[in-house]
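These are my notebook entries on a single chain. I set down what I looked up, in the order in which I looked.

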Amino acid sequence: TLAASNRGQEEGNLDFALQVVISKAEDENGQKLFVEADKPSLRREIPLAVLLELMTKMQELGEEATPDAVKSTT
């Protein structure tokens with residue numbers, strides 16, 4: 001059904017967003033904020049829309065972004 005298909009796509013988006021956030025989120029010292037084991041709690045605690053927004057911002061910043069650039073966008 002269409003609803004099941006949409007749910008599957010949403011789950012895929014959620015997993016992808018979580019992977020981006022887990023792999024790219026760092027504190028001001030460059031230390032990773034999350035590890036793979038955090039995925040279930042992040043999935044439960046953070047709404048999909050928030051994760052997608054975080055993922056988009058992280059992707060926009062690119063690999064060369066400095067922590068100061070991240071701070072200035074919030």
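Entry 1, contacts along the chain. I took a contact to mean heavy atoms within 4.5 Å. I note at the outset that the model is predicted. On that basis, I found that residues 24 or more positions apart account for 56% of the contacts with a separation of 6 or more.

Entry 2, secondary structure and burial. I counted four helices and zero strands. Reading along the sequence, I recorded the pattern α-α-α-α. I then looked up burial and found that buried residues make up 16% of the 74 residues in the chain.

Entry 3, the pair of helix 1 and helix 3. I asked at what angle the axes of helix 1 and helix 3 cross. For helix 1 (residues 2-24) and helix 3 (residues 48-61), I obtained a crossing of roughly 50°, with the axes coming within 9 Å. Helix 1 is therefore oblique to helix 3. I also looked up the hand of the crossing, and helix 1 passes helix 3 in a left-handed one.

I next listed the residues that make this contact. Helix 1 contributes Glu10, Asn13, Leu14, Phe16, Ala17, Leu18, Val20, Val21 and Lys24. From helix 3, I noted Leu48, Leu51, Leu52, Leu54, Met55, Met58 and Gln59. Sorted by type, the residues of the contact comprise 12 nonpolar, two polar and two charged.

Entry 4, the nonpolar core. Which residues make up the largest nonpolar core? I found 11 residues in all: Leu14, Ala17, Leu18, Val20, Val21, Ile22, Ala25, Leu42, Leu51, Met55 and Met58. The elements that give two or more residues to this core are helix 1 and helix 3. Helix 1 gives the most, with six residues.

Entry 5, Met58. I examined one member of this core, Met58, for its neighbours. Leaving out residues up to four places away in sequence, I found that Met58 touches Val20, Val21, Lys24 and Ala25. Val20, Val21 and Lys24 are among the helix 1 residues that I had listed for the contact with helix 3, and Ala25 is a member of the core.

Entry 6, Val50. I asked whether Val50 is buried, exposed or partly exposed. Val50 is found in helix 3. Its relative accessible area is 39%. Buried requires under 20% and exposed requires over 50%, so a value in between counts as partly exposed; Val50 is thus partly exposed. I also looked up its separation from Ala17: Val50 and Ala17 are 33 residues apart in sequence and 9.5 Å apart in space, C-alpha to C-alpha.

Definitions and conventions: Residues are numbered from 1 along each chain as its sequence is written. This is a predicted model: local features need pLDDT of at least 70, side-chain atom pairs count only at pLDDT 80 or more; totals for chains, interfaces and linings use all residues. Side-chain values use heavy atoms; hydrogens and water are left out. Axes are lines fitted to C-alpha atoms, for helices over the stretch in contact, and angles run from 0 to 180 degrees between N-to-C directions. Angles under 35 degrees count as roughly parallel, over 145 as roughly antiparallel, 65 to 115 as roughly perpendicular and the rest as oblique. A crossing is left-handed if the near helix is turned anticlockwise from the far one by less than a right angle, and right-handed if clockwise. Ala, Val, Leu, Ile, Met, Phe, Trp, Tyr, Cys and Pro count as nonpolar, Asp, Glu, Lys and Arg as charged, and the others, Gly among them, as polar. A nonpolar core is a set of buried Ala, Val, Leu, Ile, Met, Phe, Trp, Tyr and Cys residues joined through side-chain atoms within 4.5 Å. Buried means under 20% relative accessible area, exposed over 50%, partly exposed in between (1.4 Å probe, protein chains only).
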